[in-house]
Amino acid sequence: MSVILAIESSCDETSVAICNNGKITANVIANQTIHEKYGGVIPELASRVHQQNIVPAVQQALAIAKVNKNELNAVAFTRGPGLLGALLVGVSFAKSFALALDLPLIAVNHMQAHILAHFIDEPKPKFPFLCLTVSGGHTQIVLVKDYFDMEIIGETLDDAAGEAFDKTAKILNLPYPGGPLIDKYAKEGDPLAFKFPVPQIQGLNYSFSGFKTSILYFIRDKQKENNLFVEQSLADICASVQHSIVNILLNKLKKAAKQYNINEIAIAGGVSANSGLRNALLAMKESAGWNVYIPAFEYCTDNAAMIAIAGYHKFLAEDFVGQDISPMARMNF
Ligand code: KG4
Ligand code: ZN
């Protein structure tokens, strides 16, 4: 028997989930809208809002799952990577809660948890598989050999794919986070309207900083000719930028699949909610015979359900940590 309470507080979502014998029975997500007006996450504000949200979110998750806190068997939490102040709120809460109830503690790596979200529902990928993990802070191709045996075989050398979306949105005067808005406008645009340069990076690594700069110059030059360019061409710009980012992401994923001779392919992280990326991956089912795994929308962006399922597999392996544990802003697998 295992009933696990899981806490996620690495960035701007305070989330609490319950996992009952491998099944997610609650996944409460309190989004922090306060950052919208600043055009990005303000770490100090994120910590404060986590502090306000965390107890109500725990109470709500217990109520939804119809679980009494005395029925819990463990407390899992995100140890890192993430914003240190934000992580501190979740880690401190988890430690105090576990101490008060005399429960074991489970430390979870946020990036591993994004990948393990594929083990919440069916169909589940078979080991070994490749996972493209794309979020606001990371872009990685991961060789997943087992639940906690993962190797990064490619990653971004500078900006993450989510940043490429968010920074483009900022150039276009769209509010933060811009990724979902670019996705929305892209649906009405022509993906081939404008062409952007593809970064020439060796091996399986990525780079998005030059790409972002090329978009900045492109918009600036077009606005010199027509100051209403962005307003008039918003859908085409969004569709073309999205098409380019998806192509960049997919090209390296195809290369990795060939190199490692693996056709079990998953995507994870906030950017895996992007409809262009999801459709491009689905198309690979037909064209390359890949078995593709795409997370449900609620498990793409940050959530505690993924921390709970990772916690469940650590619970089975009796992989616990002591009360001397501390958060890590940077954390390897
Ligand atoms: O995984 P996540 O929620 O947080 C991090 O761990 O970073 O990812 C957030 C990122 C943001 O950059 C956001 O713009 C992007 O995911 N994102 C999207 C979409 N939904 C979220 N990017 C493109 N299209 C979307 N539909
Ligand atoms: Zn994340």
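## A ligand, a zinc ion and a five-strand sheet

Let's start at ligand 1: one of its oxygen atoms sits 2.8 Å from a polar backbone atom of Gly 136, a polar contact being a pair of N or O atoms within 3.5 Å (within protein, one must be able to donate a hydrogen and the other to accept it, and residues adjacent in sequence count only if both atoms are side-chain atoms). This is a predicted model, where local features need pLDDT of at least 70, side-chain atom pairs count only at pLDDT 80 or more, and totals for chains, interfaces and linings use all residues. Residues are numbered from 1 along each chain as its sequence is written, chains are lettered from A and ligands numbered from 1 in the order written, and side-chain values use heavy atoms, with hydrogens and water left out.

Here are polar contacts of ligand 1:

| Ligand 1 atom | Protein partner | Distance |
|---|---|---|
| oxygen | Gly 136, polar backbone atom | 2.8 Å |
| nitrogen | Asn 274, side-chain N or O atom | 3.0 Å |
| oxygen | Asp 302, polar backbone atom | 3.0 Å |

On its own, ligand 1 exposes 560 Å², and the protein buries 90% of that (Shrake-Rupley method, 1.4 Å probe).

Asp 302 turns up again at the zinc ion (ligand 2), where the protein donors are His 110 (NE2), His 114 (NE2) and Asp 302 (OD), 2.1 to 2.2 Å away. Donors are N, O and S atoms within 2.8 Å of the metal (3.2 Å for Na, K and Ca); water is not among the atoms, so sites may look incomplete. Along the chain, the zinc donors are spaced H-x3-H-x187-D. His 114 belongs to helix α3 (residues 110-116) and Asp 302 to the loop between β10 and α9 (305-316), so the pair ties together parts 188 residues apart in sequence. Helices (H or I, at least four residues) and strands (E, at least two) are DSSP runs, numbered from the N terminus. His 114 and Asp 302 are both buried, meaning under 20% relative accessible area (exposed is over 50%, partly exposed in between; 1.4 Å probe, protein chains only).

Now for the sheet. It is open and mixed, with five strands in the order β8-β7-β6-β9-β10; strands pair if DSSP finds at least two bridges between them. β8 (149-155) and β10 (291-293) are the edges, each with a single partner strand, so one side of each has no neighbour in the sheet.

Which strands does β9 pair with in parallel? One is β6 (residues 129-134), joined to β9 (residues 264-268) by four bridges, with Leu 132 opposite Ile 267. Another is β10, over three bridges, where Glu 264 has Asn 291 as its bridge partner.

Five of the five residues of β9 are buried, so the strand is largely enclosed by the rest of the structure. Glu 264, Ala 266 and Ala 268 point one way, Ile 265 and Ile 267 the other.
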